[in-house]
Amino acid sequence: MFGADDENDCTRAVLEHLGKVADLRVIDGLPAWPDFSREAGRAVASGEADFGVLMCWTGTGTSIAANKVPGVRAALAWEPWIARNARLWNDANVLALSLKRLAPDVAVECVTAFLETEHEDPEETATIDLIRDL
């Protein structure tokens with residue numbers, strides 16, 4: 001599930017990459033970021049989508065909005081290490097990125113790191129369960 005509120009080289013690079021590595025549904029029409037964040041969050045939380053990638057100018061708004069949906073654990077990342085460890089240590093299921101401040105190649109590296117980290121660290125299971133119970 002992918003949504004963005006603008007289009008530029010960064011969003012195009014992420015979409016191209018996602019099209020190669022994932023069964024992708026794109027939220028079209030460039031709706032307001034709270035709307036597409038909610039839609040993506042609901043799809044992820046319900047199991048309709050395995051993950052979400054959301055992009056807005058800073059990435060902050062989409063992460064806040066997606067995290068309002070019960071069952072979503074959205075993480076804002078600006079480098080691959082953050083994206084990878086958001087999955088590993090927090091079992092993040094939505095990745096939020098800045099479409100204005102990330103270079104296209106770095107954004108793709110963040111998406112790759114996020115998607116290639118399939119399971120949380122077993123040592124973090126108790127902490128992740130605490131997050132789920134909030």
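Where is the place of L15? In this predicted model, L15 belongs to helix α1. Its relative accessible area is 28%, so L15 is partly exposed. Beyond residues up to four places away in sequence, L15 touches F2, L24 and V26. The last of these, V26, lies 11 residues from L15 along the chain, and the two C-alpha atoms are separated by 8.7 Å.

Another residue of helix α1 is H17. With a relative accessible area of 17%, H17 falls under the 20% cut-off for burial and is therefore classed as buried. When neighbours within four places in sequence are left aside, the contacts of H17 are with V108, V111 and T112. These three residues belong to the α5 side of a helix pair, in which P104, A107, V108, V111, T112 and L115 of α5 meet D9, C10, A13, V14, H17, L18 and V21 of α1. By class, this contact of α1 with α5 comprises 10 nonpolar, 2 polar and 1 charged residues.

Two packed helices are described by the angle between their axes and the distance between the axes. For helix α1 (residues 9-21) and helix α5 (residues 104-116), the axes come within 8 Å and cross at roughly 35 degrees. The crossing of α1 past α5 is right-handed. An α-helix has 3.6 residues a turn, so residues three or four places apart point the same way. The contacting residues of α1 include C10, A13, V14 and H17, and those of α5 include P104, A107, V108 and V111.

The strands form an open sheet of 4 members in the order β1-β2-β4-β3, with parallel pairing. Its edge strands are β1 (2-4) and β3 (74-76), each of which pairs on one side only. On average, and with direction ignored, neighbouring strands of the sheet are turned by 20 degrees against each other. Helix α2 (residues 33-46) packs on this sheet, where it touches β1, β2 and β4 (94-98). The direction of α2 makes about 170 degrees with that of β2.

The pairings can be followed across the sheet. Edge strand β1 pairs with strand β2 (residues 52-56) in the parallel sense over 3 bridges, and G3 stands opposite L54 in β2. Strand β2 in turn pairs with β4 in the parallel sense, over 5 bridges; here M55 stands opposite L97 in β4. Strands β3 and β4 also run parallel and are joined by 3 bridges, with L76 opposite A96 in β4.

Strand β4 is mostly covered, as 5 of its 5 residues are buried. In a regular strand the side chains alternate between the two faces of the sheet. Both faces of β4 are covered, with V94, A96 and S98 buried on one side and L95 and L97 buried on the other. One of these residues, A96, is touched by S63, which lies in helix α3 (residues 60-66). S63 also touches A74 and L76, residues up to four places away in sequence not being counted. The relative accessibility of S63 is 8%, so this residue counts as buried.

Helix α4 (residues 80-90) has the buried residues P80, I82, A83, N85, A86 and R87. The elements that cover them include β3, β4 and α5. Just after α4, D91 takes a positive phi of about 50 degrees.

A search of the whole structure for aromatic pairs finds 1. This pair is formed by W81 and W89, whose ring centres are 5.6 Å apart and whose planes lie at 75 degrees, so the arrangement is edge-to-face. W81 counts as partly exposed at 46% relative accessibility. W89 is likewise partly exposed, with a relative accessible area of 33%.

Terms used. Residues are numbered from 1 along each chain as its sequence is written. This is a predicted model: local features need pLDDT of at least 70, side-chain atom pairs count only at pLDDT 80 or more; totals for chains, interfaces and linings use all residues. Side-chain values use heavy atoms; hydrogens and water are left out. Axes are lines fitted to C-alpha atoms, for helices over the stretch in contact, and angles run from 0 to 180 degrees between N-to-C directions. Helices (H or I, at least four residues) and strands (E, at least two) are DSSP runs, numbered from the N terminus. A crossing is left-handed if the near helix is turned anticlockwise from the far one by less than a right angle, and right-handed if clockwise. Contact means heavy atoms within 4.5 Å. Ala, Val, Leu, Ile, Met, Phe, Trp, Tyr, Cys and Pro count as nonpolar, Asp, Glu, Lys and Arg as charged, and the others, Gly among them, as polar. Two strands pair if DSSP finds at least two bridges between them. Buried means under 20% relative accessible area, exposed over 50%, partly exposed in between (1.4 Å probe, protein chains only). Rings of Phe, Tyr and Trp (its six-membered ring) pair if their centres lie within 6.5 Å; planes under 30 degrees apart count as stacked, over 60 as edge-to-face and the rest as tilted.
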